Amino acid sequence: QPQIALHLDFIESELGKHEWFAGGELTAADVAMSFPLEVAAGRAGLDRRRPKCMAFLDRVRARPAYAAALAKGGPFEVLK
């Protein structure tokens, strides 16, 4: 758990610099990072105490492509 907290703190800090991981616009880096953060939210204690990480997930989840992927592939559940 200490290593997870360390990594989440680093991610929180990086998301404090820009809206997305690589700057002001969505890139493949954000798509790649969305799944580990979804897993962290489901299994590793990521919550509203890291508001930039959660805001990132909110932005990703609000995208039409995210909704389309869930419509096509079905919802996913991160098991605890």
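This short talk walks through a pocket, a buried residue and some salt bridges in one structure. Please keep in mind throughout that what you see is a predicted model.

Let me begin with the largest pocket, which holds about 150 Å³ of space. Its lining is made up of Leu26, Asp30, Val31, Ser34, Val60, Arg63, Ala65 and Tyr66, and if you sort these residues by class you find five nonpolar, one polar and two charged. Helix H2, which runs over residues 28–43, and helix H4, over residues 64–73, each give at least two residues to this lining, and the largest share, three residues, comes from H2.

I would now like to turn to Ile11, which sits in helix H1, spanning residues 2–15. Is Ile11 buried or exposed? Ile11 counts as buried, because its relative accessibility is 13%, and the cut-off for that label is under 20%. Leaving aside residues up to four places away in sequence, Ile11 touches Phe21, Met33, Leu37 and Cys53. Its C-alpha atom is also 9.3 Å from that of Arg50, although the two residues are 39 places apart along the chain.

Arg50 brings me to the salt bridges, of which the structure holds six. As background, side chains of opposite charge can pair when their charged atoms come close. In one of the six, the side chains of Asp9 and Arg50 meet with an N to O distance of 2.9 Å. That pair links distant parts of the chain, since Asp9 belongs to helix H1 while Arg50 lies in the loop between H2 and helix H3 (51–62), 41 residues apart. Asp9 counts as partly exposed at 43% relative accessibility, whereas Arg50, at 14%, counts as buried.

Which residue forms a salt bridge with Arg61? The partner is Glu38, and the closest N and O atoms are 2.6 Å apart. Here too, distant parts of the chain are linked, with Arg61 in helix H3 and Glu38 in helix H2, 23 residues apart. Arg61 is partly exposed, having a relative accessible area of 34%, while Glu38 counts as buried at 8%.

The last pair I will show is Arg48 and Asp58, whose side chains meet in a salt bridge at 3.1 Å, N to O. Arg48 is in the loop between H2 and H3, and Asp58 is in helix H3, ten residues apart. With 52% relative accessibility, Arg48 counts as exposed, and Asp58, with a relative accessible area of 34%, is partly exposed.

Definitions and conventions. Residues are numbered from 1 along each chain as its sequence is written. This is a predicted model: local features need pLDDT of at least 70, side-chain atom pairs count only at pLDDT 80 or more; totals for chains, interfaces and linings use all residues. Side-chain values use heavy atoms; hydrogens and water are left out. On a 1 Å grid over the protein atoms alone, a cavity is a set of points where a 1.4 Å probe fits but cannot get out, and a pocket is an open set with protein on both sides within 12 Å along at least five of seven lines; lining residues have an atom within 4 Å of a point. Grid points are joined across faces, edges and corners, and a volume is the space filled by probe spheres set on the points. Helices (H or I, at least four residues) and strands (E, at least two) are DSSP runs, numbered from the N terminus. Ala, Val, Leu, Ile, Met, Phe, Trp, Tyr, Cys and Pro count as nonpolar, Asp, Glu, Lys and Arg as charged, and the others, Gly among them, as polar. Buried means under 20% relative accessible area, exposed over 50%, partly exposed in between (1.4 Å probe, protein chains only). Contact means heavy atoms within 4.5 Å. A salt bridge is a side-chain nitrogen of Lys or Arg within 4 Å of a carboxyl oxygen of Asp or Glu.
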